[in-house]
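Student: Here is a model to look at. Could we go through how some of its helices pack?

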Amino acid sequence: MRSLLALLILTLALAALCCCKKDAKDPSGSPSAASIKIKKEVANAFMKRQKRSTLYERYYEYYKNPMEQMHERCENYPPCDYLSDQIGFAMAYNRFFGRY
């Protein structure tokens with residue numbers, strides 16, 4: 001049992017020496033910022049968007065809220081869009097589409 005433990009410790013010590021070997025060019029052991037360069041085209045490959053996890057978040061990713069739908073409806077109708085710039089969205093929407 002002791003020989004097995006000694007063999008395990010020796011193996012771990014050799015692995016630590018091999019993995020932690022310092023670079024001859026860089027005495028600090030860590031790469032400098034100047035030596036790390038990536039192209040702009042591949043930079044996005046490192047940053048992945050986190051996926052939505054809850055059902056609530058997935059629902060709002062696919063469906064717009066009612067206020068946003070009303071804004072788009074008013075923006076797509078040129079007289080309402082023009083009037084909303086003059087007197088505000090709520091009053092323009094009420095004038096062209098009825099109840100806010």
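What follows is a short round of questions on helix packing.

Tutor: This is a predicted model, where local features need pLDDT of at least 70, side-chain atom pairs count only at pLDDT 80 or more, and totals for chains, interfaces and linings use all residues. Residues are numbered from 1 along each chain as its sequence is written, and side-chain values use heavy atoms, with hydrogens and water left out.

Student: At what angle do the axes of α4 and α6 cross?

Tutor: Take helix α4 (residues 66-76) and helix α6 (residues 89-97). Their axes come within 11 Å. The crossing is left-handed. The angle makes them roughly perpendicular (65 to 115 degrees), at roughly 70°.

Student: Which residues of α6 make the contact with α4?

Tutor: Contact means heavy atoms within 4.5 Å. From α4 come Met67, Met70, His71, Arg73 and Cys74. By class, the contact has 6 nonpolar, 1 polar and 1 charged residues, with Met, Phe, Tyr and Cys among the nonpolar types, Arg among the charged and types outside both lists polar. The α6 residues are Phe89, Tyr93 and Phe97.

Student: Within what arc do the buried residues of α5 fall?

Tutor: In α5 (residues 78-87), Cys80, Leu83 and Ser84 are buried (under 20% relative accessible area, 1.4 Å probe, protein chains only). On the other side, Pro78, Tyr82, Asp85 and Gln86 are exposed (over 50%). Seen down the axis, the buried residues line one face of the helix, because they fall within an arc of 110°.

Student: Against which helices do the buried residues of α5 pack?

Tutor: Gly88 follows α5, with a positive phi near 110°. The buried residues of α5 pack against α4 and α6.

Terms used. Axes fitted to C-alpha atoms, helices over the stretch in contact; angles between N-to-C directions. Helix = DSSP H or I, 4+ residues; strand = E, 2+ residues; numbered from the N terminus. Parallel < 35°, antiparallel > 145°, perpendicular 65-115°, else oblique. Left-handed = near helix turned anticlockwise from the far one by under 90°. Arc of directions from axis to C-beta.
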